[in-house]
Structure formats: C-alpha cells, structure tokens
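This report describes selected local features of one protein model, with attention to helix packing and strand pairing. The sequence and the coordinates are shown below.

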Amino acid sequence: MGEPVRTLLLWCPDWPVLAAEIVDGVPATGPVAVLHANRVIACSERARAEGVRRGLRRREAQGRCSGLTVVDHDPGRDARAFEPVVAAVEEVAVGVEVIRPGACALAARGPSRYLGGEEAAAERIVEHVALSCAVESQIGVAAGVFAAGLAAREGRIVPPGGTPEFLAGQPVEALGRSALADLLRRLGVRTLGDFAALPAGDVLARFGFDGALAHRLAAGRDDRPLAVRRPPVDLTVTADLDEPIDRIDVAAFAARTLAEQLHERLAGHGLACTRLGIEAVTAHGQELHRVWRHDGLLTAAAIADRVRWQLDGWLSGARRGGDRPARPTAGIIRLRLLPDGVLAQAGLQPGLWGETGAERERAHRALSRVQGLLGPEAVVTAVLGGGRSPADQTRLVPWGDERLPARPGGRRAGAGPAVPSWPGRLPPPSPAVVLPTPLAASVLDATGAPVVVSARLAMSAPPARLSIGTMPPQPTGSTPAPGSAPSATAPSATAPSATALRGGTVASVEIVGWAGPWPVDERWWAPAEARRRARFQVRLADGSALLLAVESGQWLVEALYD
C-alpha cells in the first residue's frame with residue numbers, strides 16, 4: 001500500500017476560547033478556561049501562564065488563577081464560529097474537510113500547484129484567514145490527516161517520505177487516547193516509533209481494534225481518504241434593472257427573463273423547487289418579499305406566472321382600492337428569485353389519478369392569480385385540528401401554504417387516522433357553518449320563562465322557543481344566577497325563521513328537539529384564562545339545527561347544521 005495522500009491541515013489554537021470570544025464576547029486575551037463535565041478542555045495563553053492546564057477540575061483551575069473566566073463548553077457555538085474560517089479557506093482552495101471545530105484539512109496537491117508550492121500555499125491560506133476572519137492559525141503538511149494535525153501544532157511542513165520519521169519521535173500521548181497511552185508507558189513504550197515497531201498481530205490481540213487503528217496511525221499508515229464537503233450551490237438569480245419599473249407590462253417581461261434563468265440554473269444541477277421566494281427593491285430602498293408555494297415542481301412557465309402575478313399585485317397596490325397594501329412609492333430597480341424546497345427532478349412522485357393534473361393546475365393558477373392581485377390572505381382553505389369547540393378545530397391558511405393544524409388532534413388529508421379526540425370535544429356530527437362571531441340569543445320554556453342551567457348542569461325546564469338577537473334587560477332588582485340566562489321579551493311577530501342566521505338577521509322559532517348539555521371546563525387552574533360553558537344541539541320547527549352554548553348566564557348561537 002502506498003503512502004497516504006499529502007494533506008494540508010489548518011489548525012486554530014485554543015479554538016473553544018476563540019469561539020467564546022467571537023460569539024459571546026469573552027475576551028480571549030485574558031485568563032479564560034472552557035469547561036466540560038467540570039474539567040478544563042481548553043484555556044487561553046494567559047491562563048496557561050497562570051498554571052491552568054487541560055484536565056484540571058474547576059476548583060483547582062480557579063485556585064491556580066483567581067481571575068479565571070470560566071465558560072461552559074458549547075459544541076454548537078464552536079461550529080458556528082468556525083464556519084467563516086472554513087469558508088475563507090474554500091475561497092483559496094476547494095475540497096475542504098472539517099475535522100472538528102478549529103481544524104480543517106484538504107489535499108495539498110491542488111493548492112501547492114497553483115500557488116507555487118506547499119509553503120507558499122500555507123502562507124497564502126494563513127494570511128487570507130487572518131484578513132478575512134481576524135483569526136490566527138497554523139498549518140501543517142504531511143502524509144495523512146493524523147500526521148498533518150501533529151505537524152500543524154508545530155507549524156511544520158514534513159518533506160515527502162518523511163512522515164514515518166516525523167511520527168517516530170512523537171510521544172504516545174499524541175494518539176489522543178489517554179488510557180492507551182498510560183498503558184503503553186507502563187509497558188515501557190514511550191514514543192510512536194516504539195509503538196509502531198510492535199508486531200501488528202500482537203497489538204490487535206492485546207489492545208483490540210482501537211489499539212490496532214492507533215498502531216496504524218503511529219506507523220504513518222493513515223490512508224483514510226478526505227471526506228471533503230461541497231459548498232452549497234448558489235441558485236439565486238438577480239436582475240439589476242437599468243431604470244425603475246412601475247409598469248406591469250415591463251415587469252412581466254423582466255419576470256419572464258429571470259424565471260427562465262432560474263429554471264435553467266436549477267435544471268443544470270438536476271434540481272427543481274417547490275417554493276419560490278420573490279424579492280424586490282425599489283428606488284427608495286423599500287424591500288418587498290413574498291414566498292409562493294406549489295404542490296408540484298415549479299416549471300419555467302409556473303415561475304414566470306408567479307413572479308408576474310406578484311409584481312402585478314405590488315405595482316397595482318392602492319390603485320384597486322380595498323384594504324390591500326399601498327403600492328411602492330418608487331419603481332423596482334432590483335428583482336431577485338430565491339428557490340426554496342429544492343429537490344431532485346425525480347424526487348416528487350405525481351398521483352396516479354390526476355392529483356397534479358391539468359384541472360388541478362388550472363385551479364391552482366387561478367387561485368394564485370387572485371392572491372397576486374389581492375394578497376395571500378384573499379384565498380384561504382380550512383385545516384382541521386384539535387380542540388373542543390368547532391371554532392377551535394378549524395384553522396384558515398392561505399392557499400399554497402403548508403396545511404398544518406393549529407392544535408394536535410386533527411386529521412390531515414392522506415395522513416391516516418386522527419389521534420384520540422380531546423376530552424369534552426363536541427360529539428359528531430360536526431356543524432356545517434361556524435359563525436365567525438357567536439350571536440346572542442334567549443332560550444325560553446313553554447311558559448315563556450327563560451331556561452336556566454345551574455352549576456350542576458340541571459335545566460330549569462325543557463327549551464321550547466329560541467329568540468335570536470332580542471336580549472331585553474333584566475327585571476329591576478333581579479340578579480342572574482351563575483349559569484342562568486337573562487330573561488327575554490316575547491318573540492317578535494315579524495321575526496324571520498332561524499335559517500336567516502346565515503345573513504345575520506334576527507330569528508324566533510319553536511324548538512322541537514334538543515340534546516345536551518355537554519360541559520366544558522377549560523384552564524380552571526388559571527383564573528384569568530378559565531372558561532366554563534355548556535353546549536346544546538337544538539332542532540327547530542323549520543327543519544334547521546343549531547349549536548348553542550350558555551356561558552356566564554348568556555346563551556349564544558355558535559354554529560349551524562345542514
């Protein structure tokens with residue numbers, strides 16, 4: 001087996017300390033220690049001068065350095081802070097592998113060729129990282145990642161073929177395996193050269209698989225290929241317009257050209273998008289943004305249509321009246337398309353019976369067109385979810401947005417059975433129409449007296465008549481009991497039937513059947529949010545059916561049944 005690939009490794013000393021300075025503003029020039037499991041895993045140069053070392057416990061480290069700043073270890077913080085350093089290295093050379101936060105490696109052959117040698121490449125990368133990220137770093141070059149990492153700690157470029165000799169003088173602690181290093185020292189093996197001289201079979205039998213792997217590293221046989229990362233492809237397309245656009249026909253032409261560019265760029269990488277971000281900047285600096293969603297893959301024509309509709313909606317704003325947002329105060333000078341929900345062209349399986357067919361596409365185009373003119377909230381669809389009342393179980397979402405219930409416990413199309421229903425949920429059948437605002441009502445018994453529901457859900461008399469919208473005052477000196485309803489006057493002779501509820505008019509009609517009550521006692525543990533009510537289903541003489549609720553002595557009409 002040949003020598004491992006020549007590897008160039010960049011190492012940032014004390015990276016957890018530097019990451020704490022970059023992200024949290026902890027001054028790395030002072031005595032700082034990063035702790036994990038109550039032990040020091042990294043410390044600043046100032047802390048080392050005070051005697052702080054890796055592996056010390058917190059109390060011992062603070063005893064050696066009274067002014068020590070202690071920072072908890074955060075792997076996420078280290079990774080986030082290291083990303084700009086990796087990006088800076090990728091600006092000089094490609095094919096970078098992140099070994100860990102604070103260290104990254106790449107094959108030395110490429111940059112050494114076009115930068116004039118390994119030493120020149122190392123100097124160029126270190127200088128670029130310092131200028132771009134204000135981070136000090138060291139580079140080592142050797143055969144394999146393990147040897148390059150040890151060389152980076154010395155800032156050394158090991159000559160070709162000299163990696164085994166370089167490793168031979170390193171202590172066994174360089175393997176990063178404390179238990180193995182301690183055992184080797186007790187056996188009289190103090191350097192990697194001594195360890196590499198042992199027979200491979202004996203090492204495997206005595207130290208196991210991990211010991212055999214360490215034995216290969218000590219001998220310079222680190223032949224693991226670099227797992228280089230690929231920088232994400234920039235799929236965004238931008239058009240800087242020579243003159244501000246304030247006419248829809250000119251905007252449509254720009255939209256078509258930009259949509260074709262985006263589609264060609266996506267197709268060149270074998271990709272397509274299911275969501276499209278549209279951004280526009282006006283001559284006055286106003287920024288506009290909208291995300292369009294689509295059930296299938298957005299074609300070039302679909303992208304162009306959505307961009308044109310959105311520009312039409314922005315530019316025609318206040319001209320068409322209503323509560324639509326005002327049109328921009330200046331023309332558009334920059335247009336940008338950002339693909340989102342990117343997936344492979346073959347990654348979306350169409351339905352077998354035309355779920356994504358021509359009829360559905362025409363309907364989607366028509367509804368999206370209305371949204372482009374009137375705004376995303378102009379076209380909404382209902383999503384069923386959890387809850388105890390009909391109003392809680394339904395959420396309206398703009399057409400094209402992800403259809404997620406507001407509360408768990410609902411059922412989505414194609415998602416299988418719903419989870420168990422909420423305790424106290426209204427029994428089936430569900431009402432057909434839920435009123436946006438419940439209507440006040442009075443429920444009377446056969447004698448014309450108001451029906452009262454006690455705290456124990458006992459009714460004073462069977463309900464006989466319903467009056468909607470006629471809520472007279474209480475008799476003088478009377479006080480309604482908890483759960484009772486206010487008294488009502490006689491029903492109006494000119495009151496229409498209950499089916500006129502759909503138009504919001506007053507109704508008075510006889511009750512011929514009823515069911516209930518179904519009590520709901522919500523959030524009783526929080527007095528400010530507590531709500532207690534009882535619900536009834538009633539059937540009226542004209543054949544219609546209503547959902548009623550009584551709360552704090554007030555009867556309400558919440559929904560209608562078909």
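Which exposed residues does the face of H9 turned away from its buried side carry? The model in question is a predicted one, and the answer is Ser-178, Ala-179 and Arg-186.

**Helix H9**

The buried residues of helix H9 (residues 178-186) are Leu-180, Ala-181, Leu-183 and Leu-184. They lie on the same side of H9 because the arc they cover around the axis is only 165 degrees. The packing partners of these buried residues are helix H10 (192-196) and helix H11 (200-218). Just after H9, Gly-188 adopts a positive phi of about 90 degrees.

**Crossing of H12 and H13**

Helix H12 (residues 248-268) and helix H13 (residues 300-316) have axes that come within 8 Å and cross at roughly 145 degrees. This crossing is right-handed. On the H12 side, the contact is made by Ile-248, Ala-251, Ala-252, Ala-255, Arg-256, Ala-259, Leu-262 and His-263. H13 contributes Ala-300, Ile-303, Ala-304, Val-307, Arg-308, Leu-311, Asp-312, Leu-315 and Ser-316. By residue class, the contact of H12 with H13 comprises twelve nonpolar, two polar and three charged residues.

**Strand pairing**

The strand pairs considered here are listed in the table.

| Strands | Sense | Bridges | Opposed residues |
|---|---|---|---|
| E1 (residues 6-11) and E6 (residues 103-107) | antiparallel | five bridges | Leu-9 and Ala-105 |
| E5 (residues 97-100) and E6 | antiparallel | three bridges | Val-98 and Cys-104 |
| E14 (residues 433-444) and E19 (residues 554-561) | antiparallel | five bridges | Val-433 and Leu-560 |
| E14 and E15 (residues 465-468) | antiparallel | four bridges | Val-443 and Leu-466 |

Strand E6 pairs with E1 and also with E5. Four of the five residues of E6 are buried, so the strand is largely enclosed by the rest of the structure. E5 and E6 form a hairpin with two residues between the strands, in which Gly-102 takes a positive phi near 110 degrees.

Strand E14 likewise appears in two pairings: five bridges join E14 to E19, and four join E14 to E15. In the former, Val-433 stands opposite Leu-560; in the latter, Val-443 stands opposite Leu-466. For reading such pairings, it is useful to recall that side chains in a regular strand alternate between the two faces of the sheet.

Definitions and conventions
Residues are numbered from 1 along each chain as its sequence is written. This is a predicted model: local features need pLDDT of at least 70, side-chain atom pairs count only at pLDDT 80 or more; totals for chains, interfaces and linings use all residues. Side-chain values use heavy atoms; hydrogens and water are left out. Axes are lines fitted to C-alpha atoms, for helices over the stretch in contact, and angles run from 0 to 180 degrees between N-to-C directions. A crossing is left-handed if the near helix is turned anticlockwise from the far one by less than a right angle, and right-handed if clockwise. Contact means heavy atoms within 4.5 Å. Ala, Val, Leu, Ile, Met, Phe, Trp, Tyr, Cys and Pro count as nonpolar, Asp, Glu, Lys and Arg as charged, and the others, Gly among them, as polar. Two strands pair if DSSP finds at least two bridges between them. Buried means under 20% relative accessible area, exposed over 50%, partly exposed in between (1.4 Å probe, protein chains only). The arc is that of the directions from the helix axis to the C-beta atoms.
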